[in-house]
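Student: I have a new model to look at and would like some help reading it. Where should we begin?

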Amino acid sequence: GNLNIDLVADISGSMTDFIGDVKLATNNFAENIGMNKNKVGLISFADFINRESDFTNEKSAIQSKINN
């Protein structure tokens, strides 16, 4: 427990056909990681790297960013 874990997602054009799968996988991870003990952050990249969410233990907040 007590981990800070960044989920890193490739959202470049080459991933267009797979974005739904990426969202499903990252949502499943957030659902099952045990966010009462751990914090999750979200980073996306294409041409640039972007921190979408700082580390949080609020599952709904991270899932909102994943689905945005």
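Tutor: Let's begin with the order of the elements, keeping in mind that this is a predicted model. Starting at the N terminus, the chain runs β-α-β-β-α.

Student: How many helices and strands does the chain have?

Tutor: The chain has 2 helices and 3 strands.

Student: What can the radius of gyration tell me about the chain?

Tutor: Set it beside the value from the globule rule. Here the radius of gyration is 12 Å, close to the 11 Å that the rule gives for 68 residues, so the chain is as compact as a globular protein of that length. Along the principal axes, its C-alpha atoms fill a box of roughly 35 × 20 × 15 Å.

Student: And what share of the contacts links residues 24 or more positions apart?

Tutor: Among contacts with a separation of 6 or more, such pairs account for 55%.

Student: Let's turn to burial. What share of the residues is buried?

Tutor: A residue counts as buried when its relative accessible area is under 20%. In this chain, 29% of the 68 residues are buried. The accessible surface comes to about 4500 Å², and carbon and sulfur atoms contribute 49% of it.

Student: Is valine 8 buried or exposed?

Tutor: The cut-off for exposed is over 50%. Valine 8 has a relative accessible area of 53%, so it is exposed. This residue lies in strand β1, which spans residues 4-10.

Student: Which residues form a nonpolar patch on the surface?

Tutor: Val8 does so with Phe45 and Ile49, and together the three have about 310 Å² of accessible area.

Definitions and conventions. Residues are numbered from 1 along each chain as its sequence is written. This is a predicted model: local features need pLDDT of at least 70, side-chain atom pairs count only at pLDDT 80 or more; totals for chains, interfaces and linings use all residues. Side-chain values use heavy atoms; hydrogens and water are left out. Patches are made of residues with over 30% relative accessible area and no salt bridge: like charges are joined within 9 Å, nonpolar side chains (Val, Leu, Ile, Met, Phe, Trp, Tyr) within 5 Å. Accessible areas come from the Shrake-Rupley method with a 1.4 Å probe; for residues, only the protein chains shown count as cover. A salt bridge is a side-chain nitrogen of Lys or Arg within 4 Å of a carboxyl oxygen of Asp or Glu. Helices (H or I, at least four residues) and strands (E, at least two) are DSSP runs, numbered from the N terminus. Buried means under 20% relative accessible area, exposed over 50%, partly exposed in between (1.4 Å probe, protein chains only). The radius of gyration is taken over C-alpha atoms; the globule rule is 2.2 Å times the number of residues to the power 0.38. Contact means heavy atoms within 4.5 Å.
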